[in-house]
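Here is an informal walk through two chains, their domains and the places where they touch. Have the model open while you read.

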Amino acid sequence: MKYTVSVLVENHAGVLARIAGLFARRGFNIDSLAVGATNDPTISRITIVADGDEHTAQQLEKQLNKLVDTIKVRTLSADELLARELHLIKINAAPAQRNEVLTVCEVMGAKIVDMTPTTMTLEISDSPEHIQRFNSLIEGYGIREVVSTGTIAIQKGALTIK
Amino acid sequence: MISAAEAMVRCLEAEGVTTAFGYPGAAICPFYDEIYKTGSIHHVLVRHEANAGHEASGYARITNRPAVCIATSGPGATNLLTAIATAYADSIPLICITGQVSTDQIGCDVFQEVDITGAAEPFVKYSYLVKDAAALPRIFKEAFYLAGTGRKGPVLIDVPLDVQRAMIDFEYPSEIKMRTYKPAFKGNPLQIQRIRDAVNSSKKPLLCVGGGIFLSGAEKEIKRFSEKAQIPAVSTMMGLSIFPTDHPMYLGMIGMHGLRSANTAMNNCDTIIMIGARVGDRAVRSPSFLATGKTVIHIDIDSAEIGKNINVDIPLVGDCREILTELCAAEYDNDHAAWLSEIREIKNDVDVNEETEGYINPKVFIRKLSDRCPADTVCVADVGQNQIWTCNNFGFREGGRFLTTGGMGTMGYSVPCAIGAKMAAPEREVVAICGDGAFQMQMMELATIIQEDLPVKIIVMKNKRLGMVRELQTNLYNDQLIATDIGNYPDFVALARAYGIEAERVSTMAEAEEKIEKLVSSKKAYLLECNVYKLESTL
């Protein structure tokens with residue numbers, strides 16, 4: 001089972017190391033991790049996508065809560081969150097293929113951010129599922145390099161995690 | 001303006017610290033210089049930094065307040081690590097102060113530099129690398145609060161040399177301002193009610209008490225609850241001596257080295273109340289088997305312990321003493337008479353009376369020792385066979401106290417822990433029991449004992465083996481004995497005397513009582529070397 005955990009922590013040195021260390025020594029598997037400041041500069045938000053059964057998810061939440069730097073932990077269910085990732089993808093694209101790629105990007109909501117005689121660099125920001133579909137459409141051209149962020153997530157509707 | 005080093009001493013004074021255990025070095029010298037100048041803190045010079053941590057641990061466990069240990073940067077700090085991890089596993093509140101190289105040199109791999117906050121991260125409750133001298137008073141205030149509240153534990157404060165030398169305006173904060181850390185003290189009233197109902201409807205309830213009872217100071221409350229609700233009790237190793245050994249509701253220690261009476265009660269009860277106990281593997285080998293068909297109630301200050309190792313029907317987070325006071329306030333109408341008589345029938349058929357010619361029987365010896373010791377004796381066991389012999393044979397009375405490292409199982413804990421305990425309670429008898437293997441990991445502390453003139457009593461069970469591993473090799477590795485024969489040296493009596501400590505040897509049970517009498521009546525430190533047969537069994 002995949003689950004997304006949103007953690008608010010004190011924004012000071014060493015906090016990320018403590019969180020990463022916790023995952024390593026308790027044997028939690030993480031798929032992605034994203035860290036960024038919030039509107040309050042003294043607080044950072046860490047979004048973690050992890051894999052494991054319900055017991056593991058519960059333990060993860062409790063262990064995160066136990067860290068002294070943790071302000072709040074919320075495990076979000078798949079139907080209550082909006083998740084986004086940003087991918088930068090460099091593909092092979094000869095001049096004859098550029099129009100095709102352009103169409104795919106237009107339909108799928110991606111941008112072309114760089115181009116050379118033999119390559120194109122695409123940018124897409126969307127849900128992980130949508131990005132997966134996009135990837136399947138462009139992988140035929142030959143992917144040279146992918147750079148991606150971890151997943152970030154926010155609750156749907158007016159609710160907030162503060 | 002005062003130096004930050006002086007401010008560190010003022011912080012300790014403000015926290016009521018009068019004793020600290022440590023070992024100096026260049027990177028912590030400004031702090032030591034202020035300890036010298038202020039003269040308000042008695043500094044105990046250890047002979048190895050790990051022992052500074054263990055001595056602070058013994059001190060903290062008797063005073064039930066955070067105790068202070070000090071080491072320098074690099075190797076001094078890394079030597080302290082084992083003691084920090086030991087304290088973490090047993091939830092002992094320590095303030096560990098280490099010197100660090102100057103901030104402009106951090107990361108340059110200079111002489112005696114090590115990233116100690118990084119190294120200690122997995123087994124501290126929290127740590128600080130102090131970069132701003134002005135933050136020191138706040139950091140000390142937080143550190144003592146963190147170490148001594150919630151689930152207690154060690155907190156590390158790493159202070160670079162230049163930070164110690166900086167000048168600051170000193171004012172010790174009167175209150176804590178932490179938005180993140182809010183330990184729960186009171187238990188949820190609905191859950192407390194559910195526990196009362198479960199106790200009343202249960203036919204065979206059982207209390208399982210752990211070290212958390214000591215940490216919350218709930219020794220009286222747990223006995224009152226057990227007596228009032230007529231619930232028998234078993235103990236983990238860390239919970240030993242909460243109940244006097246002959247208390248009518250008490251059945252003994254559980255676990256792989258525990259008593260049949262206690263383990264049978266664990267298996268046969270219908271409701272189990274784990275309180276201040278974390279369901280460690282040595283106490284409960286198969287939690288899922290144990291939980292089958294039972295109502296499991298788990299009371300702990302650390303919510304992460306609840307449901308970690310065993311599935312729980314009624315979880316309750318909070319301070320044991322607060323919760324037990326609430327539980328004692330209720331009326332209980334079930335006297336569980338049939339269950340009590342059923343479990344009181346279970347006998348422990350441990351045959352401890354056999355004697356091997358020319359040796360003492362450690363089990364009988366420890367029984368005789370506890371008979372002779374005052375009721376309020378602090379008994380410290382090391383790790384190995386000596387630990388189990390002590391657990392199962394030392395008879396604790398009301399006011400007595402057992403100390404050991406149950407979580408980490410750190411050899412070399414007993415003598416330094418006894419030193420710390422004796423510093424905290426000079427009027428009480430303090431006896432350390434260890435094997436000849438563990439003793440050789442701590443015997444440098446004999447110098448500390450003499451230097452501090454501490455009447456600590458030490459019993460070395462000498463079987464010339466690393467007995468517990470030897471037994472494991474015999475039983476599990478086809479009796480292929482390797483690296484467990486430690487030989488018949490040194491002569492511990494001669495060694496103790498070389499330090500100026502009175503010492504004797506005992507080799508027959510006939511002379512045991514006489515030697516015990518001499519040990520207990522001595523007003524000075526005393527070491528007794530007990531000759532134990534090499535194949536003596538643990539149980």
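How many helices and strands does the secondary structure of chain A come to? Four helices and nine strands. Before going further, keep in mind that this is a predicted model.

**Chain A**

Read from the N terminus, the elements of chain A go β-α-β-β-α-β-β-α-β-β-α-β-β. The C-alpha trace of this chain spans about 55 × 35 × 30 Å along its principal axes. Chain A has 162 residues, and 22% of them count as buried. Take the contacts in chain A between residues at least 6 apart in sequence: 72% of these join residues at least 24 apart.

Chain A splits into domain 1 (2-76) and domain 2 (83-152). The C-alpha centres of these two domains of chain A are 30 Å apart. Six residues from domain 1 of chain A and five residues from domain 2 of chain A make up the contact. On the domain 1 side of that contact, strand S2 (29-37) and strand S3 (43-51) of chain A each bring at least two residues. The largest share there is that of S2(A), with three residues. As for chemistry, this side of domain 1 of chain A has three nonpolar and three polar residues, and no charged ones.

**Where chain A meets chain B**

Which elements of chain A give two or more residues to the side that touches chain B? They are helix H1 (15-26), helix H2 (54-66) and strand S4 (70-76) of chain A. H2(A) provides the largest share, five residues. In total, 14 residues of chain A are in contact with twelve residues of chain B. The chain A side divides into three nonpolar, five polar and six charged residues.

**Chain B**

Chain B comes in three pieces: domain 1 (2-168), domain 2 (189-344) and domain 3 (362-531). Taken over C-alpha atoms, the centres of domain 1 and domain 3 of chain B are separated by 29 Å. The contact between them involves 23 residues of domain 1 of chain B and 24 residues of domain 3 of chain B. On the domain 1 side, the elements giving two or more residues are strand S2 (19-22), strand S3 (42-45), helix H3 (49-63) and H4 of chain B. H3(B) gives the most, with ten residues. By class, the residues on this side of domain 1 of chain B are ten nonpolar, nine polar and four charged.

Here are the three described sides next to one another, by residue class.

| Side | Nonpolar | Polar | Charged |
|---|---|---|---|
| Domain 1 of chain A, touching domain 2 of chain A | three residues | three residues | no residues |
| Chain A, touching chain B | three residues | five residues | six residues |
| Domain 1 of chain B, touching domain 3 of chain B | ten residues | nine residues | four residues |

**A look at B:Leu81**

Helix H4 of chain B, residues 75-89, is where B:Leu81 lies. Why does B:Leu81 count as buried? Because it has 21 C-beta neighbours inside 10 Å, and 20 or more are needed for a residue to be called buried. Leaving out residues up to four places away in sequence, B:Leu81 touches B:Ala119 and B:Ala120. For another alanine, B:Ala135, the C-alpha atom is separated from that of B:Leu81 by 25 Å, with the two positions 54 residues apart along the chain.

Terms used: Residues are numbered from 1 along each chain as its sequence is written. Chains are lettered from A and ligands numbered from 1 in the order in which they are written. This is a predicted model: local features need pLDDT of at least 70, side-chain atom pairs count only at pLDDT 80 or more; totals for chains, interfaces and linings use all residues. Domain bounds come from an automatic or database domain assignment. Two residues are in contact if their C-beta atoms, placed from the backbone, lie within 7 Å. Ala, Val, Leu, Ile, Met, Phe, Trp, Tyr, Cys and Pro count as nonpolar, Asp, Glu, Lys and Arg as charged, and the others, Gly among them, as polar. A residue is buried if 20 or more other C-beta atoms lie within 10 Å of its own, exposed if 12 or fewer, and partly exposed in between; C-beta atoms are placed from the backbone.
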